[in-house]
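Take a look at the model below. The report then goes through the surfaces beside the DNA and ends with one residue inside the protein.

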Protein chains: 2
Amino acid sequence: MTADHDPLGLDNQLCFAAYSTAHAFNRLYRQHLSALGLTYPQYLVLLVLWENAPVPVKAIGDRLMLDSGTLTPLLKRMETMGLIIRERASHDERQVLVRPSTAGLALKDRARALPPAIACATGLDPESLGRMVEDLQTLRTRLLANAQPE
Amino acid sequence: MTADHDPLGLDNQLCFAAYSTAHAFNRLYRQHLSALGLTYPQYLVLLVLWENAPVPVKAIGDRLMLDSGTLTPLLKRMETMGLIIRERASHDERQVLVRPSTAGLALKDRARALPPAIACATGLDPESLGRMVEDLQTLRTRLLANAQPE
DNA sequence: CAAAATCAGATTGTGCGCAATCTAAATTCG
DNA sequence: CGAATTTAGATTGCGCACAATCTGATTTTG
């Protein structure tokens, strides 16, 4: 059966390795984020807003590679939770500018505990971890280049 | 702002690298799988069934790390599409055994074109690709060990 | 300037993913 | 054997993801 070399073997495919690892991350984060009342995608939005705000929805989408069909309801929920503020840009009525509320900003301090805890769970030393991040980013770039024939 | 070393910087986090790479894979696969009328999770189920069938739902879940809440409706859709057959096991009425139909088996031949096409899109040589698969599997194991304190 | 094209978000519909709960069957144990 | 426990799947409810479509604002162009 030589499953080791079967191209259709589940455990030989990079896609499933990425898929299942992303799910594993999601599960681990869920445990840490439940204390903050956040889902993982909501946490990602806050990471973007903590770096730079206010930003239009489009910019968040570019950064996280998500479209308005995903972001609009997600941001509405976060606004209802009191974490962010959305308002139309006066200079361009098409845009909706998003920024963290005071409560959303306050979460940043509590979130600082996460990266070290997660890094520990990976069992990787800082260099290996950094290399893996770069490898995945390179891979992602190549996949997207092949996935979006403009 | 030395974003290069900010632990909360989006681009410094392994989780986002994994999350966004998995999405990029999903997008690329969608293009290739649309010709077969499959979604990516449905393709994963077939990979499992092509390796070994019939198998109970539980075994598919163990293999793909998905629970019945995800699999039951997914498998029902695949049964409606005529790709798989589900039937209660006679020796244990709790189990539902799943196996590919003739149509589901026939898809395997058409699916053989996928792995080479995807491998090409990754731009990775076979060794790098294999190493990355192993690194991700190791990482996944560690994450799951930390995510499920029994 | 006005029509056409582009762009930002919102909306709709479908398919995962998962927690929580439920049912029925099988196993364990007193 | 019979009650308690465990197990396999199904169900419900919610939150992403994304394609497709729609609306209204802005930009481009003829």
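## Terms and model

A polar contact is a pair of N or O atoms within 3.5 Å. By that rule, a polar backbone atom of B:Lys58 pairs with a phosphate oxygen of DNA strand D, at 2.6 Å. The model is predicted.

## Around DNA strand D

Which residues come nearest to DNA strand D? They are A:Thr39, B:Tyr19, B:Lys58, B:Thr72 and B:Lys76, out of 29 residues around the strand. Of the strand D atoms that come within 4 Å of the protein, sugar and phosphate make up 79%.

B:Tyr19 also reaches a phosphate oxygen of strand D, with a side-chain N or O atom 2.6 Å away. B:Ser68 meets a base instead: a polar atom of its side chain is 2.8 Å from a base nitrogen of strand D. Both chains supply elements with two or more residues on this surface. Chain A gives α2 (40–51) and α4. Chain B gives α1 (14–34), α3 (57–64), α4 and β2 (84–88). Sorted by class, the surface holds twelve charged, nine polar and eight nonpolar residues.

## Around DNA strand C

DNA strand C is surrounded by 29 residues. The closest are A:Tyr19, A:Lys58, A:Thr72, A:Lys76 and B:Glu93. Sugar and phosphate form 80% of the strand C atoms that come within 4 Å of the protein.

Chain B touches phosphate oxygens of strand C through side chains. A polar side-chain atom of B:Arg77 is 2.8 Å from one such oxygen. For B:Gln42, a side-chain N or O atom is 3.1 Å from a phosphate oxygen. On chain A, a polar backbone atom of A:Arg94 lies 3.5 Å from a sugar or linking oxygen of strand C. Elements giving two or more residues here are α1 (14–34), α3 (57–64), α4 (68–80) and β2 (84–88) of chain A, plus α2 (40–51) and α4 (68–80) of chain B. The class count is eight nonpolar, nine polar and twelve charged residues.

## A closer look at A:Thr122

A:Thr122 sits in helix α6 (residues 114–122) of chain A. Is A:Thr122 buried or exposed? Its relative accessible area is 1%. Buried means under 20%, so A:Thr122 counts as buried.

What does A:Thr122 contact beyond its neighbours within four places in sequence? On chain A, the partners are A:Phe25 and A:Leu129. On chain B, they are B:Leu14, B:Leu139, B:Arg142 and B:Leu143. A polar atom of the A:Thr122 side chain also lies 3.2 Å from the backbone nitrogen of A:Leu124.

Methods:
Residues are numbered from 1 along each chain as its sequence is written. Chains are lettered from A and ligands numbered from 1 in the order in which they are written. This is a predicted model: local features need pLDDT of at least 70, side-chain atom pairs count only at pLDDT 80 or more; totals for chains, interfaces and linings use all residues. Side-chain values use heavy atoms; hydrogens and water are left out. A residue is near a molecule or strand if one of its heavy atoms lies within 4 Å of it. A polar contact is a pair of N or O atoms within 3.5 Å; within protein, one must be able to donate a hydrogen and the other to accept it, and residues adjacent in sequence count only if both atoms are side-chain atoms. Helices (H or I, at least four residues) and strands (E, at least two) are DSSP runs, numbered from the N terminus. Ala, Val, Leu, Ile, Met, Phe, Trp, Tyr, Cys and Pro count as nonpolar, Asp, Glu, Lys and Arg as charged, and the others, Gly among them, as polar. Buried means under 20% relative accessible area, exposed over 50%, partly exposed in between (1.4 Å probe, protein chains only). Contact means heavy atoms within 4.5 Å.
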